[in-house]
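Reader: Hi, could you walk me through this structure? I am new to this and would like to take it one step at a time.

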Amino acid sequence: MTVRVLLDLILVFAPLSLVAVGGVMVVLPDIHRQVVEVHGWLTDAQFADLFALARAAPGPNVLLVSLIGWQAAGWAGALVATLAMCGPSAVVAYVAARLWRRFRDAPWRRPVQAGMVPISAGLVLATALVVAGAVETTPLGYLVVALTVVLVLRTRLHPLLLMAGAAALALAGWL
Amino acid sequence: MPRQPAAEAASVSPRVSLAALFGCFVEITFSSFGGAVAWAYRVLVEKRRWLTAREFAELWSLGQALPGPNIVNVAIFIGARYHGALGALVAFTGLILAPLVVWVPLGALYGQVGQLDAVRAVLRGVAVVAAGLLLATGLKMAQPARRDPRALIITALAFVGVGVLHWPLLVVLLLLAPVSIALVGRQAS
């Protein structure tokens, strides 16, 4: 039974690993369909809760997959699901890293690298917008977002201090 | 003794031990509230100085163009750069398996306390700052190209495509990368 579930976890996540260009969030709809509708490892409500936890906990978003594996088959499930989700793409990344180094003096590498920099910055800004949009907060909350930007750019204040401060404001009912 | 790709590593930090590699990604993963990119930048560029801002942006975009979680790909690149396959494995372990051990048990707990108002309030506070942190990181990553109006336009297009129009990342990359390499990259070389 458990072996069967572990095998299913591999069959669900290993293929997704290779198509998840941009990360786990890109294949989230597929994960939801497989985990809730096809295999019934989680209910819809459990899925939403684990998603919220994976977003909130410090760590990569792939943590969601670990939690799903854990729900399906305990610790073995968590480990197997995580490795199935990260393993295949990690092998691809390793091969890419070696190729990238082999071609380090190739004339096309410099322009390719330099050309990717502005795209990368735009994508991170887009992620910021998505995160900001998902937060339900007060106008003061947007002020805190703006203040965070200024403090992070201008000072060496540790962001965890800002998070603690904002959490306190939220507990007091102001955010 | 692992191979040392001196030509690539020399610009920043030439010697990084396996223990330092492991510690670095454990540190990144356990501080990654609200997305790993901001914390990866903070640790790799500002704190440990293993990468310059430009190198970070280059690695990050490369990681983004490949399948799989972005921060995992970056960990593989950096691990491989300093210690080959073993380094990649060590970085991966620090990044993924360390938090697994800590957070999976908390998943069970969350089922019980996740609905509490206090827990939700704290998470809301964290998310607000995380959004600001991500914005600041995006602005820092745009810094190396700030004097080039064409680069700024590319940044804006990537932002609008993914953040506003919600186009698939792959589509945006396939559309913008050739343009950016031709306009921005050629000039830089």
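Author: We can start with chain A on its own and then turn to how it meets chain B, keeping in mind that this is a predicted model.

Reader: ok, so how many helices and strands are there in chain A?

Author: Chain A has seven helices and zero strands, and read along the sequence its pattern is α-α-α-α-α-α-α.

Reader: and is it compact or spread out?

Author: Chain A is more spread out than a compact globule, because its radius of gyration is 20 Å, well over the 16 Å that the globule rule gives for 175 residues. Along its principal axes, the C-alpha trace of chain A spans about 55 × 50 × 25 Å.

Reader: how much of chain A is buried?

Author: Of its 175 residues, 50% count as buried.

Reader: switching to chain B, how many residues are in contact?

Author: On the chain A side there are 79 residues, and they are in contact with 88 residues of chain B. The largest share of that side of chain A comes from α5(A), which gives 23 residues, and the residues of the side divide into 58 nonpolar, 16 polar and five charged.

Reader: what about α6(A) and α6(B), at what angle do they cross?

Author: Their axes come within 8 Å and cross at roughly 40°, which means that α6(A) is oblique to α6(B). The crossing is right-handed, and residues that make the contact include Val145(A) and Val149(A) from α6(A), with Val128(B) and Leu135(B) among those from α6(B).

Reader: are those contact residues nonpolar or charged?

Author: The contact of α6(A) with α6(B) has 12 nonpolar residues, three polar and no charged.

Notes:
Residues numbered from 1 in each chain as written. Chains lettered and ligands numbered in written order. Predicted model: local features only at pLDDT ≥ 70, side-chain atom pairs only at ≥ 80, totals over all residues. Contact = placed C-beta atoms within 7 Å. Helix = DSSP H or I, 4+ residues; strand = E, 2+ residues; numbered from the N terminus. Nonpolar A, V, L, I, M, F, W, Y, C, P; charged D, E, K, R; others polar. Axes fitted to C-alpha atoms, helices over the stretch in contact; angles between N-to-C directions. Parallel < 35°, antiparallel > 145°, perpendicular 65-115°, else oblique. Left-handed = near helix turned anticlockwise from the far one by under 90°. Rg over C-alpha atoms; globule rule 2.2 N^0.38 Å. Buried ≥ 20, exposed ≤ 12 C-beta atoms within 10 Å, placed from the backbone.
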